[in-house]
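The following exercises concern strand pairing, helix packing and model confidence. Each task is followed by a solution in steps.

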Amino acid sequence: MENAKPGQAVELHGLQGAAHLNGTRGHLVRFLRDEQRWVVSCEGDDYKVVNVKPANLKRAEPKKEYFVHPVTGQIMVPRTTSAPVTDTSIVSEGIANLHATVLGAFHNQRKGGVVVSCGDDYMLAIEFDGPHGNGGVYGEMVFADKCTSAQAVVRKRNCQRATELGRNFLAGETIQYIDTTEIDFFSLLSKYKMQAKWEGLIDLKSGLRLYTVTIAR
C-alpha cells in the first residue's frame, strides 16, 4: 500500500498467521520503521491494535452512514465539513498508563492539548489551561461517547473518525493524539466526567458540549 498516512481507513487481507482478521477494517495509527509495519487500530467491539505489513493492507472507503435525528426523525445526510486527522498517534493501554500519558502531554508541552480516541466513533479532547495541585492540570474538555446527541454531531459533520472533532476543538494548538481500547477509553472518560462541569455551553468548532475539567494526578 503506497502513500499511506496515519488516519487512513484500511482493510486487512492476505494474513496467514492471523487469518481470522482478514477483512477487518481499521485505521492507520503510526509506522514502525524498525519493524516495517503499520500499527492498525481495528474496528469491532474490542478495538484490537495490531502491527501489519504494508502488503497486507488495502485502502478502505470511509464509513458513510445516514443518521436519523432522535427527536424529529429526520433523515440527515452527512455533509463534508471536516478533514481526516493525519497526525501520528501513540497507543496507550491500561487506564493508569493512559491517565499518565494525558498528564505527561501537558507537562511535556505546557500548552496545547490532547485527543484520546477509541476506534472511529469515540474520542475525548482536552485543552490545557494550566497546572493544578501536585502534578494535575485544568482545562476545557469535549467528548463524543455513545450518547445519541454526540454521535449525531459526528455523523452530521461526516467525520471519518470522531477524532476530527477533537482536532477542530484544538485548532491552532499543539496536539498529542492517543489511541486506546474501548474499556480504557470509557474508564478514563468516566473518571474525567466526575471532575468536569457543564455550564450549558457548546463549542462552536466541534459542535460538542464544552466542559471545564480539573484533572488530579
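**Exercise 1. Trace the strand pairings around β1.**

Solution. Begin with a single residue pair: V10 has G26 of β2 as its bridge partner. The model in which this pair occurs is a predicted one. Next, extend from the pair to the strands: β1 (residues 9–12) and β2 (residues 25–32) run antiparallel and are joined by 3 bridges. Then turn to β5, where L57 is the bridge partner of L12. The pairing of β1 with β5 is likewise antiparallel and comprises 3 bridges.

**Exercise 2. Determine the strand order of the sheet and identify its edges.**

Solution. Step one is to add the pairing of β3 (residues 37–42) with β4, which is antiparallel and extends over 4 bridges. Within this pairing, S41 is matched with V49 of β4. Step two is to assemble the order: the open sheet has 5 strands, arranged β4-β3-β2-β1-β5, with antiparallel pairing. Step three is to find the edges, which are β4 (49–52) and β5 (57–59), since each of these pairs on one side only. From one strand to the next, the twist averages 45°.

**Exercise 3. Describe the hairpin formed by β13 and β14.**

Solution. First, establish the pairing: β13 (residues 196–202) and β14 (residues 209–215) are antiparallel, with 4 bridges between them. One residue pair to locate is K197 with its bridge partner T212 in β14. Second, inspect the connection: 6 residues lie between the two strands of this hairpin. In the turn, G207 has a positive phi of about 80°.

**Exercise 4. Classify the packing of α1 against α4 and characterise the contact.**

Solution. First, take the geometry: α1 (residues 95–109) and α4 (residues 182–193) pack at an angle of about 60°, and their axes are 9 Å apart. Second, apply the cut-offs: an angle under 35 degrees would count as roughly parallel, and 65 to 115 as roughly perpendicular. The two helices, α1 and α4, are therefore oblique to each other. Third, assign the handedness, which is right-handed for this crossing. Fourth, list the residues in contact: α1 contributes I95, L98, H99 and V102, while α4 contributes D184, F185, S187, L188, K191 and Y192. Sorted by class, the contact of α1 with α4 has 6 nonpolar, 2 polar and 2 charged residues.

**Exercise 5. Assess the confidence of the model and locate stretches that call for caution.**

Solution. Start with the whole chain: its mean pLDDT is 82, and 84% of its residues reach 70 or more. Then examine residues 64–71, where the pLDDT is below 50. Beyond near neighbours in sequence, the model gives this stretch, residues 64–71, 19 contacts. Finally, consider residues 75–82, where the pLDDT is also below 50. For residues 75–82, the model has 23 contacts beyond near neighbours in sequence.

How values were computed. Residues numbered from 1 in each chain as written. Predicted model: local features only at pLDDT ≥ 70, side-chain atom pairs only at ≥ 80, totals over all residues. Heavy atoms only, no water. Axes fitted to C-alpha atoms, helices over the stretch in contact; angles between N-to-C directions. Parallel < 35°, antiparallel > 145°, perpendicular 65-115°, else oblique. Left-handed = near helix turned anticlockwise from the far one by under 90°. Contact = heavy atoms within 4.5 Å. Nonpolar A, V, L, I, M, F, W, Y, C, P; charged D, E, K, R; others polar. Pairing = 2+ DSSP bridges. pLDDT = per-residue confidence, 0-100.
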